[in-house]
Amino acid sequence: MAQLRTTPSATIGPFLAIGLTWDDGPYVVAPDAPDAIWLRGTVFDGNGDVVPDAMVETWQADPDGGFDHPDDPRGAAAFPGFRGFGRAYTVDGGQYAICTLKPGRVPDGEGGLQAPHVDVSVFARGILDRVVTRIYFADEAEANAEDVVLRSLPDDAARRTLIARPTDDGYRLDIHLQGDRETVFFAV
Amino acid sequence: MTGTTIRSELHLPRYLREDDAHRTPVAFEGYRSTGLRAPLRAPVDLPHRLTEVTGPLLGEGRVTAADADLTRQHDGEPQGQRIIVHGRVLDSGGKPVPHTLVEVWQANAGGRYRHVVDNWPSPLDPNFTGLGRTLTDGEGRYEFTTIRPGAYPWGNHDNAWRPAHIHFSLFGTAFTQRLVTQMYFPDDPLFFQDPIFNAIPEAARPLAISRFDYERTVPNWALAFEWDIVLRGKDQTPFETEDDGDIA
């Protein structure tokens, strides 16, 4: 069958707050859910200035490593109260904040397990297509060392851009769109 | 089109990636704010695994029927030309994407957004917010009733004006399919000077422009425009090597 060309992307622009900032956007789980954590960070541009009009979206497995989705060949796994998806707007000083549960490990399809990770999309004025990265967790050193995606990166400096540090209420990872500490972004 | 995958004992779908000649680059020289924001390093290839081939299936409970009519969200009707915007959400294999969330936002008839950052001297319309949501039906169809947005000036270059457009946000069914884009109107005289439109490779620009749809106009009520949206589709060909598959 003939392939259709995909619709080209465009920047989200500066006015996304009209439509895309849901009241429940940051809550992958309710903040009072057992074991709820906050993933926080600041989005920076190439000058080191904060980006106060970006949208950060997250998608991740539940704490058991399951996805409530028909294309998971292991079977769709519902985890009560858990949406898997988060959406934050960096209007507060360039900061994003997502309330979620730490994901479990997920098979890598090559006989191993991926380290706990969160897939991230960043959208902003000045970016014509979303950029994609991942959040890993610093207290999962053993799992991180085995992770196929982290292992595919050239060096520790690149890996460090993806590894969130523990904080009082969860984890923190800044996103650098450019600069010496430019985050590793992925082509999906 | 090309796509990347791994030899997987999980039998995961693989989503095709559009080629560069038909895909908007992340940065474009004429669009000034890409300068400090678009990443400069080449992205690292991420083969599609479980997190990438799944995604949020949002919708039920998030939209009401009224959310698809942007002209009835206030006590009175908004100023401007009433229009119906409709089409289908498909994947690149031509398969409809049913029951998927479509979000839109736009300026009012005078080209003003209801947003604190937008303060150019064109009036807000008390009867227009500019936000819509809907779910595609079982055949992937969507429809909004709204008003035709106006063009507006911006600071990108001397006498810069954005062509009239409606912002769209779509999820599809997988993380790989996520799309945020803009729909334009046919024959807009402002295309030539707009870097956001011209950042789209020339061959793909027609895909961002809606079609005037006389058949779907409503007599004595509304004009109509049709715009199909195509998300990345699954590769249907079985793959035989563990290398990245380049397929025609």
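Me: Which residues does Val122(A) touch, leaving out those up to four places away in sequence?
Reply: In this predicted model, Val122(A) touches Val43(A), Ala54(A), Val56(A), Arg130(A), Val131(A) and Ile175(A), with residues up to four places away in sequence not counted.

Me: And where does Val122(A) stand in the largest nonpolar core?
Reply: That core has 105 residues, and Val43(A) and Val122(A) are the ones that touch the most other members.

Me: Switching to strand 3 of chain A. How many of its residues are buried?
Reply: Five of the five. Strand 3 covers residues 85–89 of chain A, and because every one of the five is buried, the strand is largely enclosed by the rest of the structure.

Me: Which residues are on which side of strand 3 of chain A?
Reply: Phe85(A), Arg87(A) and Tyr89(A) are on one side, with Gly86(A) and Ala88(A) on the other. Both faces are covered.

Me: How crowded is it around Ala88(A), in C-beta atoms within 10 Å?
Reply: There are 24 other C-beta atoms within 10 Å of Ala88(A), so Ala88(A) is buried, the cut-off being 20 or more.

Me: What is Ala88(A) in contact with, neighbours in sequence aside?
Reply: Outside its neighbours within four places in sequence, the contacts of Ala88(A) are Gly25(A), Pro26(A), Val56(A), Tyr96(A), Ala97(A) and Ile98(A). Val56(A) also appears among the residues that Val122(A) touches. As for C-alpha atoms, those of Ala88(A) and Thr21(A) are separated by 7.3 Å, with the two residues 67 apart along the chain.

Me: Does strand 2 of chain A pair with strand 3 of chain A in the parallel or the antiparallel sense?
Reply: Antiparallel, over five bridges. Within that pairing, Thr58(A) stands opposite Gly86(A) of strand 3.

Me: What about strand 9 of chain A, what does it pair with?
Reply: Strand 9 (residues 163–166) runs parallel to strand 8 (residues 131–137) of chain A, joined by two bridges. Tyr136(A) stands opposite Ile163(A) there. Strand 9 also pairs with strand 10 (residues 170–172) of chain A, in the antiparallel sense and again over two bridges. Pro166(A) stands opposite Tyr171(A) in that second pairing.

Me: How many residues are between strand 9 and strand 10 of chain A?
Reply: Three, and the two strands form a hairpin.

Me: Now the interface. How many residues of each chain are in contact with the other chain?
Reply: 63 residues of chain A are in contact with 74 residues of chain B. On the chain A side, strand 2 (54–60), strand 5 (106–107), strand 7 (118–124) and strand 12 (186–187) each supply at least two residues. Strand 7 of chain A gives the largest share, four residues.

Me: What is the make-up of that side of chain A?
Reply: It divides into 31 nonpolar, 20 polar and 12 charged residues.

Me: Which strands pair between chain A and chain B?
Reply: Strand 12 of chain A pairs with strand 2 of chain B (residues 44–45), in the parallel sense over two bridges. Phe186(A) stands opposite Val44(B).

Me: On to chain B. What is the strand order in its open sheet of four strands?
Reply: The order is 5-4-9-10, with antiparallel pairing. Strand 5 (131–135) and strand 10 (179–184) of chain B are the edge strands, each pairing on one side only. From one strand to the next, the twist averages 20°.

Me: How many bridges join strand 9 to strand 10 there?
Reply: Six, between strand 9 (residues 165–170) and strand 10 of chain B, which run antiparallel. Ile166(B) stands opposite Met183(B) in strand 10.

Me: Which non-glycine residues have a positive phi?
Reply: Among them are Asp35(A), at about 70°, and His11(B), at about 55°. Asp35(A) is found in the segment before strand 1 (37–44) of chain A. His11(B) is found in the loop between strand 1 (2–3) and strand 2 of chain B.

Me: Is Asp35(A) buried or exposed? And His11(B), buried or exposed?
Reply: Asp35(A) is exposed, with 9 other C-beta atoms within 10 Å. His11(B) is exposed, with 7 other C-beta atoms within 10 Å.

Me: Last topic, confidence. What are the scores?
Reply: The model scores ipTM 0.97 and pTM 0.95. Chain B averages a pLDDT of 93, and 92% of its residues score at least 70.

Me: Where in chain B is the pLDDT below 50?
Reply: Over residues 240–248. That stretch has nine contacts in the model beyond near neighbours in sequence.

Notes: Residues numbered from 1 in each chain as written. Chains lettered and ligands numbered in written order. Predicted model: local features only at pLDDT ≥ 70, side-chain atom pairs only at ≥ 80, totals over all residues. Contact = placed C-beta atoms within 7 Å. Nonpolar A, V, L, I, M, F, W, Y, C, P; charged D, E, K, R; others polar. Pairing = 2+ DSSP bridges. Buried ≥ 20, exposed ≤ 12 C-beta atoms within 10 Å, placed from the backbone. pLDDT = per-residue confidence, 0-100. Core = buried A, V, L, I, M, F, W, Y, C linked by C-beta atoms within 7 Å. Axes fitted to C-alpha atoms, helices over the stretch in contact; angles between N-to-C directions.
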